[in-house]
Amino acid sequence: MLNIVIFGAPGSGKGTQSAKLVEKYGLIHLSTGEILRDEIKADTELGKLADSYMSKGRLVPDAVVIDILDNLIGKYGDAKGFIFDGFPRTLAQGEALGEMLEKHEEDINAVLCLEVEEKELIDRVVKRGRVSGRDDDNRETIESRLEVYHIQTEPLKEFYREKGVLRNIQGVGSIDQIFGSIEQVIDQIGK
Ligand code: ADP
């Protein structure tokens with residue numbers, strides 16, 4: 001299996017590049033943000049719980065997202081591999097993902113870290129908010145999401161650097177240029 005984590009701050013382009021990875025490598029895209037937004041749309045109990053955190057720009061509790069992922073990984077046992085988008089977002093989630101994959105004798109092959117400077121992130125998310133209809137895509141919420149990213153999510157970079165799988169990707173440029181850098185990294189895996 002080819003298991004990729006696409007990592008980066010809100011607005012760094014994780015969803016956009018994931019779509020291209022799905023197309024080229026036939027991976028299963030697991031976006032915790034999308035899964036949670038679907039639950040909110042369907043007005044389920046899980047959706048109501050998730051919304052109470054997401055609308056404030058906070059993280060949904062670890063146990064909730066870990067449980068969702070654990071079920072999905074089990075369900076797609078015969079996949080070519082996964083793209084984890086928006087997960088892990090805390091060290092506890094990172095540990096849990098390692099354990100889940102280990103159960104299936106799998107591992108993370110690369111963590112692609114999309115590097116985009118803060119001002120650009122804010123501009124992109126505010127712009128996206130005008131068309132996405134996402135109620136967390138506004139100036140106020142993006143500021144808390146970035147703070148949460150720095151405090152809770154960024155420590156994962158060191159976690160994956162130590163494991164030797166972290167790869168930095170310049171996240172500014174055209175979508176195809178950025179994808180070109182990603183392809184180079186993926187084509188090196190296993191060589
Ligand atoms: P972005 O990366 O642009 O913030 P996402 O769709 O990945 O967009 O996430 C949107 C929101 O969903 C997050 O701000 C958070 O509230 C919630 N969320 C998504 N993934 C996770 C996760 N792994 N753990 C906790 N909360 C999550």
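Me: What makes residues in the lining of the second largest pocket count as charged, and how many of each class are there?
Reply: By class, that lining has two nonpolar, three polar and six charged residues. This is a predicted model, by the way. The lining includes R37, K41, D51, R134, D135 and D136, and these count as charged because Asp, Lys and Arg belong to that class. I40 and M54 are in the lining too, and they go down as nonpolar because Ile and Met are in that group.

Me: Which helix gives the most to that lining?
Reply: Helix 2 does, with three residues. About 220 Å³ of space lies in this second largest pocket.

Me: Okay, what about the ligand: how do you know where it sits?
Reply: The ligand sits in the largest pocket, which means that more than half of its atoms lie within 2 Å of that pocket's grid points. About 920 Å³ of space lies in there.

Me: Why is the pair between T32 and the ligand called a polar contact?
Reply: A polar side-chain atom of T32 is 2.7 Å from a nitrogen atom of the ligand. The cut-off for a pair of N or O atoms is 3.5 Å, so this one qualifies.

Me: What makes R58 and G86 pass that test?
Reply: For R58, a backbone N or O atom lies 2.6 Å from a ligand oxygen atom. For G86, a polar backbone atom is 2.9 Å from a ligand nitrogen atom. Both distances are within 3.5 Å, so both are polar contacts.

Me: And how much of the ligand does the protein cover?
Reply: The cover is 97% of the 550 Å² of accessible area the ligand has on its own.

Key: Residues numbered from 1 in each chain as written. Predicted model: local features only at pLDDT ≥ 70, side-chain atom pairs only at ≥ 80, totals over all residues. Heavy atoms only, no water. Polar contact = N/O pair within 3.5 Å; in protein donor to acceptor, adjacent residues only side chain to side chain. Areas by Shrake-Rupley, 256 points an atom, 1.4 Å probe, with all protein chains shown as cover. 1 Å grid on protein atoms, 1.4 Å probe; cavity = no way out; pocket = protein on both sides within 12 Å on 5 of 7 lines; lining within 4 Å. Points joined across faces, edges and corners; volume = space filled by probe spheres on them. Helix = DSSP H or I, 4+ residues; strand = E, 2+ residues; numbered from the N terminus.
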